[in-house]
Amino acid sequence: MDNQNRQYSIIVVTYNNADGLKRTLMSIRQIDYAQKEVVVIDGGSKDHTLDVIAEYQDIITTSVSEKDSGIYNAMNKGVKLVHGDYVVFMNAGDEFANADVLSLVSRYEGDIILGGDLYGGKQRMPKASMTLYDLLSIGICHQAVYYRREVLQKYGFDESYKLIADLKSVVEPLVKDRVKITVVTEVLAVCEVGGLSKQRWRDTLTENRRMIDELVDPFYRDDYQRFARINNGMLHDFAVLSHFHSAFPLIKWLSKAMSFLNSKFKHIPIE
């Protein structure tokens with residue numbers, strides 16, 4: 001297949017965010033790529049979302065507006081409606097990085113193609129080659145992930161996960177089917193801040209551990225968890241301490257005290 005003739009399915013998920021939906025659809029309208037379909041899944045919004053959908057009927061292939069049980073339920077609904085070779089998801093308010101994104105992605109082959117994003121003005125970029133450990137410890141931005149439709153239809157999004165079903169949708173096919181993951185080291189999406197996985201980071205860690213228990217062979221699991229503690233322990237501790245700003249002066253004083261004691265007693269032999 002000629003990559004430049006690929007068809008892309010863009011699934012936009014929204015709920016009571018008409019203004020954000022409009023920004024996303026404006027971004028899609030500007031994409032300079034003809035072979036695309038746009039599916040809007042609305043969770044039964046009470047604002048003027050339906051007016052926005054009507055305004056952009058020229059680019060929307062299919063739209064559904066009905067109650068759902070959450071974002072991953074909405075995303076699964078969208079998967080059942082698409083026909084493209086590759087599928088990408090956008091939340092209302094997110095935007096494509098530029099008009100040439102789909103042409104750029106079409107230069108790459110892979111069962112799952114993932115790239116970088118701008119989140120709150122900060123660039124986040126995957127490694128040039130993402131291992132299983134990288135996926136588990138760094139995560140993904142689903143707005144910058146392009147799934148081959150057959151892979152997505154096979155695995156979908158596990159709705160028992162409330163925060164990282166999108167990450168599992170990449171990790172599971174890699175672990176079970178050894179799918180090819182290709183990395184685009186360029187920004188593909190501009191994302192709104194405030195995702196639930198960031199707000200509820202403790203619950204996110206819990207789901208991450210559950211996913212590891214479910215998908216990672218026990219032979220490798222202990223090594224992964226050991227490396228994760230070494231590499232991410234300081235970051236995790238800082239995230240915890242950041243909620244207790246009043247403790248910083250005490251921590252600073254204790255650090256100085258320990259440095260002083262270490263300089264005084266470091267030459268004393270241990271019995």
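User: Phe89 and Phe157: buried or exposed?

Analyst: Both Phe89 and Phe157 are buried. Keep in mind that this is a predicted model, where local features need pLDDT of at least 70, side-chain atom pairs count only at pLDDT 80 or more, and totals for chains, interfaces and linings use all residues. Residues are numbered from 1 along each chain as its sequence is written, and side-chain values use heavy atoms, leaving out hydrogens and water.

User: Why is Phe157 called buried?

Analyst: Happy to show you! Buried means under 20% relative accessible area, exposed means over 50%, and partly exposed is in between (1.4 Å probe, protein chains only). Phe157 has a relative accessible area of 4%, so Phe157 falls under the 20% limit.

User: What makes Phe89 and Phe157 an edge-to-face pair?

Analyst: Rings of Phe, Tyr and Trp (its six-membered ring) pair if their centres lie within 6.5 Å; planes under 30 degrees apart count as stacked, over 60 as edge-to-face and the rest as tilted. For Phe89 and Phe157 the values are 5.2 Å centre to centre and 85 degrees between the planes, so both criteria are met. The two residues are 68 apart in the chain, with Phe89 in strand E4 and Phe157 in the loop between H6 and H7. Helices (H or I, at least four residues) and strands (E, at least two) are DSSP runs, numbered from the N terminus.

User: Which aromatic pair do Tyr147 and Phe157 form?

Analyst: Tyr147 and Phe157 are edge-to-face as well, at 6.1 Å centre to centre and 85 degrees between the planes. Tyr147 is buried, with a relative accessible area of 0%.

User: Which residues of the largest nonpolar core touch the most other members?

Analyst: Phe89 and Phe157 do, in a core of 38 residues. H7 supplies the largest share of this core, 6 residues. A nonpolar core is a set of buried Ala, Val, Leu, Ile, Met, Phe, Trp, Tyr and Cys residues joined through side-chain atoms within 4.5 Å. Contact means heavy atoms within 4.5 Å, and beyond four places in sequence Phe89 has contacts that include Ile11, Met75, Tyr147, Leu152 and Phe157.

User: Why is strand E4 described as largely enclosed?

Analyst: Of the 6 residues of E4 (residues 86-91), 6 are buried, so the rest of the structure largely encloses this strand. Tyr86, Val88 and Met90 cover one side, while Val87, Phe89 and Asn91 are on the other. In a regular strand the side chains alternate between the two faces of the sheet.

User: How do you know that E4 pairs with E1 and E8?

Analyst: Two strands pair if DSSP finds at least two bridges between them. E1 (residues 8-14) and E4 run parallel, joined by 6 bridges; E8 (residues 145-148) and E4 are antiparallel, with 2 bridges. Val87 stands opposite Ser9 and has Tyr147 as its bridge partner in E8.

User: What makes Val190 partly exposed, and Asp117 buried?

Analyst: Val190 has 30% relative accessibility, so it counts as partly exposed. Asp117, at 3%, is buried. Val190 sits in strand E9 (residues 181-191), and Asp117 in strand E6 (residues 112-119).

User: Where does pLDDT stay under 50?

Analyst: Residues 233-244 are one such stretch, with 10 contacts beyond four places in sequence. pLDDT is the predictor's confidence in each residue, from 0 to 100. The protein averages a pLDDT of 86, and 79% of the residues score at least 70.
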